[in-house]
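Reader: I spend my days with charged groups, so please take a close look at the salt bridges for me. I would also be glad to hear about the surroundings, and about how accessibility is judged along the way.

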Amino acid sequence: MHEHRQVLAAMSALPRRDFLPADVRGQAQLDEPLPIGHGATNSQPWTVQFMLELLHVHPGDKILDVGSGSGWTTALLAHLTGHTGAVVGVELEPELVAMGRANLPKHLSWAHIEQADPHTLGVPRGEPFNRILVSADAGDIPMELEEQLSVGGRMVVPAAGVMWVVDREHHGLHREPVTGYRFNFVPLQHASLPN
């Protein structure tokens, strides 16, 4: 219940329309994905809320946002971590990197968006992440991202239309599908994944 309230507060503080291209801003209230250009979409609000509630973000978390798109999820994650957190959004398409950076509110200074390396999934350098959100369908759960989770860390990722929660525990990984739902995400474009 706590996650539900926190996520709704974040979505209220950072309205979706502020992260959409001008030509689709009038549709911001629709509960459906909206095109943001370059084959990408801004995810359906219900889906974003669902994934963020599954992620269980805590203040101070270090978070990786894979497929940051228009910057909305990166901003929402930064709101949830608070200023003691750190959020890194990664996006492959340079125009979307520029859009996401322009959309990211300046007061969320602990969040930034990077140009993704087409040969590397995530940001494997440096400390592992407490939370990883993936907003594109990888087909399979990406092992490269699992390796970037800290012990006690959690990743929420769609794979082949099913949402998965992956928890890294001391003795290994626990992967749990969320049953009863099907999800349609754009494919995760990455050089080491079959297209």
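Author: Happy to. Let us begin with the accessibility words: a residue is called buried when its relative accessible area is under 20%, exposed when that area is over 50%, and partly exposed in between. Ala160 makes a handy example: its relative accessibility is 46%, so it counts as partly exposed. Please keep in mind that this is a predicted model.

Now to the charged pairs. How many salt bridges does the rule count? The total comes to 3.

Let us start with Arg125 and Glu114, whose side chains meet in a salt bridge with an N to O distance of 3.1 Å. Arg125 sits in the loop between S5 and strand S6 (129-134), while Glu114 belongs to strand S5, so this pair ties together parts that are 11 residues apart in sequence. The partners fall into separate accessibility classes: Arg125 has a relative accessible area of 56% and is exposed because that value is over 50%. Glu114, on the other hand, has 17%, which is under 20%, so it is buried.

What surrounds Glu114 in strand S5, which covers residues 111-115? Leaving aside residues up to four places away in sequence, Glu114 touches Val88, Gly89, Val90, Glu91, Val97, Arg101, Val123 and Arg125. One of these contacts, Val97, takes us into helix H4 (residues 94-103), where the buried residues are Leu96, Val97, Gly100 and Asn103. These four cover an arc of only 135 degrees around the axis, which puts them on the same side of H4. The general reason is helix geometry: an α-helix has 3.6 residues a turn, so residues three or four places apart point the same way. The buried residues of H4 pack against strand S1 (34-37), S2, S4 and S5, and S5 is the strand that holds Glu114.

The second bridge joins Glu146 and Arg175, with their closest N and O atoms 2.6 Å apart. Glu146 is part of helix H5 (residues 143-146) and Arg175 of strand S9 (residues 172-178), so here the pair ties together parts that are 29 residues apart in sequence. Glu146 has a relative accessibility of 3%, which is under 20%, so it counts as buried. Its partner Arg175 has a relative accessible area of 41%, which lies between the two cut-offs, so Arg175 is partly exposed.

The third bridge pairs Asp167 with Arg154, and the closest N and O atoms are 2.7 Å apart. This pair links distant parts of the chain, with Asp167 in strand S8 (residues 162-169) and Arg154 in strand S7 (residues 149-159), 13 residues apart. Are these two partners buried or exposed? Both Asp167 and Arg154 are buried.

Between those two strands we meet our opening example again, for Ala160 is found in the loop between S7 and S8. Its phi is near 55 degrees, a positive value in a residue other than glycine. As a general rule, most residues other than glycine have a negative phi. His38 also has a positive phi, of about 60 degrees, although it is not a glycine. His38 lies in the loop between S1 and S2. With a relative accessible area of 48%, a value between 20% and 50%, His38 is partly exposed.

S2 also brings us to the largest pocket, as S2 gives the most to its lining, with 3 residues. This pocket has a volume of about 720 Å³. Of its 40 lining residues, Ala40, Gly67, Ser135, Ala136 and Val186 lie nearest the centre. Strand S2 (40-42), helix H2 (45-55), helix H3 (72-81) and strand S4 (86-91) each supply at least two lining residues. And for someone who follows charges, the classes may be of interest: the lining has 18 nonpolar, 18 polar and 4 charged residues.

Conventions
Residues numbered from 1 in each chain as written. Predicted model: local features only at pLDDT ≥ 70, side-chain atom pairs only at ≥ 80, totals over all residues. Heavy atoms only, no water. 1 Å grid on protein atoms, 1.4 Å probe; cavity = no way out; pocket = protein on both sides within 12 Å on 5 of 7 lines; lining within 4 Å. Points joined across faces, edges and corners; volume = space filled by probe spheres on them. Nonpolar A, V, L, I, M, F, W, Y, C, P; charged D, E, K, R; others polar. Buried < 20%, exposed > 50% of the residue type's maximum accessible area, 1.4 Å probe, protein only. Contact = heavy atoms within 4.5 Å. Arc of directions from axis to C-beta. Salt bridge = Lys/Arg side-chain N within 4 Å of Asp/Glu carboxyl O.
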